[in-house]
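Could you walk me through this structure in plain words? I am new to it and would like a friendly tour of its ring contacts, sheets and core.

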Amino acid sequence: MPAVLGYQFMQHALAAAVLAGVACGVVGTYVVVRRMVFVSGGISHATFGGVGLALWLGFSPILGAVAFALAAAMGMGVVTRRTRLSEDAGIGVLWATGMALGVVFAGLAAGYTPDLFSYLFGNILTVLKSELRMMLVLNAVIVATVLAFYKEFQAVSFDEEFSRVAGVPAGALQLVLLALIALTIVTVIRVVGIVLVIALITIPPSIARQFTSTLRGMMLLAVALAVALSVCGIALSYALNVPSGATIVLLSGAVLGLVLLGKRVRPPRPA
Amino acid sequence: MEHRHSHADGAPAQAIIRLSGVSVDYDGLSALEDVDLTVHRNDFLGIIGPNGGGKSTLLKVMLGLVPPSRGEVRLWGEPPQRSAHRIGYVPQHSVFDREFPISAWDVVLMGRLSHTHLLRRYSPGDHAGAMQALDTVGITSLKHRPIGQLSGGQQQRVFIARALVRNPELLLLDEPFANVDTTTEEEIFRLLGQLKERITIVMVSHNLSAISTYVDKVACLNGRLYYHGSREIPPEDIEATYGCPVELLAHGMPHRVLRRHD
């Protein structure tokens with residue numbers, strides 16, 4: 001066993017990678033099949049406002065992130081359904097406003113904001129035990145919710161209109177899904193950061209989609225891939241002495257690229 | 001449901017759907033104008049009309065998905081939301097994502113959602129129902145296939161099975177013959193012909209050829225609804241609906257629906 005595994009920071013990092021991988025694989029699968037990638041990007045960037053507020057007022061940035069992510073997610077759900085603002089315009093507004101709030105709050109925090117960079121781009125090697133506990137709780141909520149509403153989420157994702165006819169509360173489930181995306185983003189922020197979250201949510205499920213044709217299969221494979229890519233990314237970043245979050249994202253992107261290339265070289269799936 | 005087969009002798013058939021003065025406006029644009037329509041039990045009604053003529057909207061009004069701007073909708077004498085569990089719905093083919101990772105089996109099971117509960121798994125009864133519905137549409141062997149890998153006709157059968165698994169008393173079909181070859185079209189018609197013995201069917205299509213011998217009654221829809229409670233359509237209705245001379249339409253129609261002119 002490499003000696004580095006004996007260090008507590010490395011144990012924390014690996015635990016964080018596993019927790020982030022589970023959340024990303026499960027929720028990312030819905031994000032990819034429902035084409036909610038841009039919404040997720042908007043929520044994640046809006047989360048920066050919460051981090052900034054927490055740094056300014058001196059409470060846990062993760063708590064600030066949870067509050068802002070959930071508020072942004074609910075805001076998205078309501079704004080796009082109840083107003084004439086188009087969905088992508090709404091996302092753009094949310095995205096930039098959240099970031100701007102974060103910048104202003106961080107500025108008010110009187111210069112001392114050492115963590116800012118690590119929230120934007122992730123620094124998995126500095127994850128605290130308390131943050132791990134928080135990630136564990138968020139993961140439990142995410143997995144329990146998906147298990148409880150699996151068939152309804154599947155139905156609403158595939159055919160929302162029919163689901164409504166079949167008596168499924170589609171509107172409420174959409175908000176629940178947005179909330180799950182928000183919690184996933186918070187879980188992943190410490191690993192790859194606000195700016196790069198979208199990669200870990202999109203890339204593992206996209207790779208998994210190439211090899212699976214059921215939602216369940218896609219989710220399980222995406223979880224395995226997200227965990228493996230995060231762990232390998234950490235190892236690589238440690239070996240090369242480069243930032244961990246970006247390394248995980250680049251590794252994931254490279255694997256997806258290779259998979260797509262391999263699929264192209266071989267003849268397409270038989271119909 | 002219990003009195004489905006108890007067609008009282010001589011008594012007028014029960015009104016399943018009753019629309020009175022229904023109008024729907026989307027952002028000031030009128031999709032449906034003052035539509036009156038009564039569908040009786042065991043009717044097989046075909047509604048034809050051009051694209052954008054309000055056909056899907058009409059079905060969505062019946063399903064309670066679109067509230068009418070004016071007028072009243074009643075299914076079995078009640079607001080449509082209360083009757084959703086009695087309806088089987090086959091939506092327009094174009095609305096679904098072919099890339100979605102789901103098997104034909106899981107799509108069919110969706111039809112049982114209103115018969116099961118949140119937090120519960122599908123029951124053995126749901127599974128038996130799904131198996132029977134797949135058998136009815138003749139694609140039992142394809143149940144594990146991803147929906148995106150099925151042909152247009154096979155996909156349409158899956159969606160019909162999903163509607164049938166609900167044991168509906170009323171079947172609403174939106175453009176069931178889009179993306180379907182003529183052989184499958186004929187087979188689906190034969191299936192609907194069997195189903196109409198026990199289910200009331202309303203089908204909309206932009207294609208006049210969809211009105212075959214299996215359909216009992218025909219209406220024309222282009223914002224306004226032209227309906228005489230029969231299978232024959234007066235030429236002037238077609239003209240009003242499609243806005244072009246009847247002669248053009250009458251030729252090349254595989255099934256004659258117009259009155260003979262002689």
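In chain A, A:Arg190 lies over the face of A:Tyr119, at 5.5 Å from the ring centre. A charge counts as sitting over a ring if NZ of Lys or CZ of Arg is within 6 Å of the ring centre and within 35 degrees of the ring normal. Chain B offers another case, where the charged end of B:Lys143 sits over the ring of B:Trp105, 4.8 Å from its centre.

Before going on, please note that this is a predicted model, in which local features need pLDDT of at least 70 and side-chain atom pairs count only at pLDDT 80 or more, while totals for chains, interfaces and linings use all residues. Residues are numbered from 1 along each chain as its sequence is written, chains are lettered from A and ligands numbered from 1 in the order in which they are written, and side-chain values use heavy atoms, with hydrogens and water left out.

**Rings meeting rings**

Over all chains, a search of the whole structure finds 9 aromatic pairs. Rings of Phe, Tyr and Trp (its six-membered ring) pair if their centres lie within 6.5 Å; planes under 30 degrees apart count as stacked, over 60 as edge-to-face and the rest as tilted. Two of these pairs are set out here.

| Pair | Centre to centre | Angle between planes | Kind |
|---|---|---|---|
| A:Tyr30 and A:Phe153 | 5.3 Å | 50° | tilted |
| A:Trp56 and A:Phe105 | 5.7 Å | 15° | stacked |

The tilted pair links distant parts of the chain: A:Tyr30 belongs to helix H1 (residues 8–33) of chain A and A:Phe153 to helix H7 (residues 150–158) of chain A, 123 residues apart. Helices (H or I, at least four residues) and strands (E, at least two) are DSSP runs, numbered from the N terminus. A:Tyr30 is buried, with a relative accessible area of 0%, and A:Phe153, at 2%, is buried as well. Buried means under 20% relative accessible area, exposed over 50%, and partly exposed in between (1.4 Å probe, protein chains only). Ring pairs also bring in A:Phe149, giving a cluster of A:Tyr30, A:Phe149 and A:Phe153.

In the stacked pair, A:Trp56 sits in helix H2 (residues 37–57) of chain A and A:Phe105 in helix H4 (residues 87–108) of chain A, 49 residues apart. Is A:Trp56 buried or partly exposed? With a relative accessible area of 38%, A:Trp56 is partly exposed, whereas A:Phe105 is buried at 13%.

**The sheets of chain B**

Chain B has 7 helices and 9 strands. One open sheet has 6 strands in the order S5-S6-S7-S3-S8-S9 (chain B), with mixed pairing. S5 (87–90) and S9 (224–227) of chain B stand at its edges, each with a single partner strand, so one side of each is left without a neighbour in the sheet. Two strands pair if DSSP finds at least two bridges between them. Strands of a sheet pair through backbone hydrogen bonds, either parallel or antiparallel.

Both senses can be seen here. S5(B) and S6(B) pair in the parallel sense over 4 bridges, and B:Tyr89 has B:Leu172 in S6(B) as its bridge partner. S8 (residues 217–222) of chain B pairs with S9(B) in the antiparallel sense over 4 bridges, with B:Asn222 opposite B:Arg224 in S9(B). Both faces of S5(B) are covered: B:Ile87 and B:Tyr89 on one side, and B:Gly88 and B:Val90 on the other, are all buried.

A second open sheet has 3 strands in the order S2-S1-S4 (chain B), with antiparallel pairing. S1 (residues 15–26) of chain B and S2(B) pair over 8 bridges, and B:Tyr26 is matched with B:Leu29 in S2(B).

Helix H1 of chain B lies across S1, S2 and S4 of chain B, running at about 120° to S1(B). Axes are lines fitted to C-alpha atoms, for helices over the stretch in contact (heavy atoms within 4.5 Å), and angles run from 0 to 180 degrees between N-to-C directions. Helix H5 (residues 182–195) of chain B lies across S3, S6 and S7 of chain B, at about 150° to S7(B).

**The core**

The largest nonpolar core has 164 residues, and those with the most contacts inside it are A:Ile43, B:Leu171 and B:Val202. Such a core is a set of buried Ala, Val, Leu, Ile, Met, Phe, Trp, Tyr and Cys residues joined through side-chain atoms within 4.5 Å. Not counting residues up to four places away in sequence, B:Leu171 touches residues including B:Gly88, B:Val90, B:Leu192 and B:Val202. In chain B, buried residues make up 54% of the 262 residues.
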